[in-house]
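Please look through the structure shown below before reading the notes. They are grouped by topic, and each point can be checked against the residues in view.

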Amino acid sequence: MTVLGIVLAAAAVVLWLGLLATAATLNASDPAGNGLSYAYGVFITMGLWVVLSGLMIMAAVKWGIPAWTQVAALVLVPASCIAAIKALHLMSGHPEMRWPLAVLLAPGLIIGFFLWAALPAFRSSVSETAAGSVTWGLVALLSIAPWPASAARDREGIANRERIEAEWKVEEARLIEAKRQERLANFRKLTAQSPLWEYMPFIVDSSELTAAARDSARKLKSRQADAEQMLADGHHFPLVEIANLDLAITPRFCDLARAFLVKHAADWRTTVDTPPEYSVRSQRIEQFLPAMKYLIAHGCDIEPAITDLMETVRGYPASAERDQFLGELARLGGGR
């Protein structure tokens with residue numbers, strides 16, 4: 001045997017023993033330590049099989065092992081490497097599973113075949129057919145061994161995930177229903193003396209309570225005063241719901257709405273040298289257009305708000321969407 005052969009064979013034995021020791025204690029620590037052991041075992045496996053590949057290349061080139069064993073090695077050396085990693089995976093986190101350790105005997109068989117090829121005494125005492133058949137037949141069996149268990153583990157994992165998802169769907173439905181019942185109970189606590197803003201959450205959430213909440217809110221004696229107070233506080237709800245709540249456009253309401261819309265225009269005025277595309281902000285900028293039309297239709301003068309909003313919109317880059325909204329505002333303001 002050559003010096004290189006001795007070195008490679010010795011390295012393979014050391015790595016193999018290290019792999020067996022690592023696999024035997026794979027679950028002997030805490031979860032973090034076990035995870036490191038698994039990673040270490042995978043690295044040893046890859047290094048070991050690189051050395052085993054070198055041994056088989058040397059056996060084929062230096063000592064001319066039979067062609068059929070060369071083909072077997074070409075297929076089964078990488079296959080046994082994958083099987084070894086799969087065996088480590090099966091054992092990781094499952095201390096009760098010990099039989100995959102047998103899969104890690106494959107390197108011993110490959111090292112033994114190399115020694116048979118390299119040492120004339122072994123080669124003369126054991127026929128090529130016997131050595132090759134035993135070695136590669138057992139390696140093939142060990143390479144196949146982990147896959148049925150792995151497939152069963154995968155099926156079990158899929159079944160567990162499906163069970164957990166089904167349980168979560170049931171729990172999610174329960175939580176949704178509990179939340180619904182809670183909201184329903186809170187809604188039923190409202191009375192004709194409740195302020196408008198207590199009805200607001202049930203109106204804006206677009207739930208089964210929205211229609212009932214609007215109907216009840218329209219009957220509130222304090223509806224008008226509450227809406228004006230909300231506008232004075234800077235809340236947009238009365239403008240969004242102005243038609244649905246059948247609010248009266250009193251002088252005070254008109255003044256508050258106009259002031260709110262002027263502030264809205266100022267809030268969305270761009271102050272940067274390179275403003276964003278209008279479409280990025282259009283939905284927020286245009287959200288009070290129906291309310292503006294309603295106010296004008298009911299005799300409220302909001303010309304200052306229209307003028308300011310047009311100035312705001314012109315500050316954005318020209319686009320079809322921007323120009324269309326400017327046209328809408330111009331029509332509201334009599335063509336300005």
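In this predicted model, E177 has a relative accessible area of 36% and so counts as partly exposed, since that class lies between under 20% for buried and over 50% for exposed. E177 forms a salt bridge with R180, and their closest N and O atoms are 3.0 Å apart. The points below begin with this pair and then turn to other salt bridges, a cavity, a surface patch and two loop residues.

**The pair E177 and R180**

- R180 is partly exposed too, because its relative accessible area is 32%.
- The two residues are three apart in helix α7, so about one helical turn separates R180 from E177.
- The pair does not stand alone: a network of salt bridges links E177, R180 and E208.

**Other salt bridges**

- The count of salt bridges in the model comes to 15.
- Helix α7, which covers residues 146-188, also holds R163 and E167. These two residues are four apart, about one turn of the helix.
- The side chains of R163 and E167 meet in a salt bridge, with an N to O distance of 3.3 Å.
- R163 is partly exposed because its relative accessible area is 41%, and E167, with 45%, is partly exposed as well.
- In helix α16 (residues 320-332), E328 and R331 lie three residues apart, about one turn of the helix.
- A salt bridge joins the side chains of E328 and R331, at 4.0 Å from N to O.
- How exposed are the two partners, E328 and R331? E328 has a relative accessible area of 22% and is therefore partly exposed, whereas R331 has 60% and is therefore exposed.

**The cavity**

- The structure holds one cavity of 30 Å³ or more, and the volume of the largest cavity is about 30 Å³.
- Which residues line the largest cavity? They are L261, H264, A265, M292, A305 and L309.
- Two elements give two or more residues each to this lining, namely α12 (251-267) and α15 (303-314).
- Helix α12 gives the most to the lining, with three residues.
- Sorted by class, the lining has five nonpolar residues, one polar residue and no charged residues.

**A nonpolar surface patch**

- V71, L74 and V75 make a nonpolar patch of about 310 Å² on the surface.
- One of these residues, L74, is found in helix α3, which runs over residues 67-91.
- L74 counts as exposed because its relative accessibility is 65%.

**Loop residues with positive phi**

- S206 has a phi near 50°, a positive value in a residue that is not glycine.
- S206 sits in the loop between α8 (196-204) and α9 (210-218).
- Is S206 buried or exposed? Its relative accessibility is 65%, so S206 counts as exposed.
- D246 is not a glycine either, and its phi is positive, at about 55°.
- Where is D246 found? Its place is the loop between α11 (237-240) and α12.
- Helix α12 thus appears under two topics: it borders the loop that holds D246, and it gives three residues to the lining of the largest cavity.

Definitions and conventions
Residues numbered from 1 in each chain as written. Predicted model: local features only at pLDDT ≥ 70, side-chain atom pairs only at ≥ 80, totals over all residues. Heavy atoms only, no water. Patch = residues over 30% accessible without salt bridge, like charges linked within 9 Å, V, L, I, M, F, W, Y side chains within 5 Å. Areas by Shrake-Rupley, 256 points an atom, 1.4 Å probe, with all protein chains shown as cover. Buried < 20%, exposed > 50% of the residue type's maximum accessible area, 1.4 Å probe, protein only. 1 Å grid on protein atoms, 1.4 Å probe; cavity = no way out; pocket = protein on both sides within 12 Å on 5 of 7 lines; lining within 4 Å. Points joined across faces, edges and corners; volume = space filled by probe spheres on them. Nonpolar A, V, L, I, M, F, W, Y, C, P; charged D, E, K, R; others polar.
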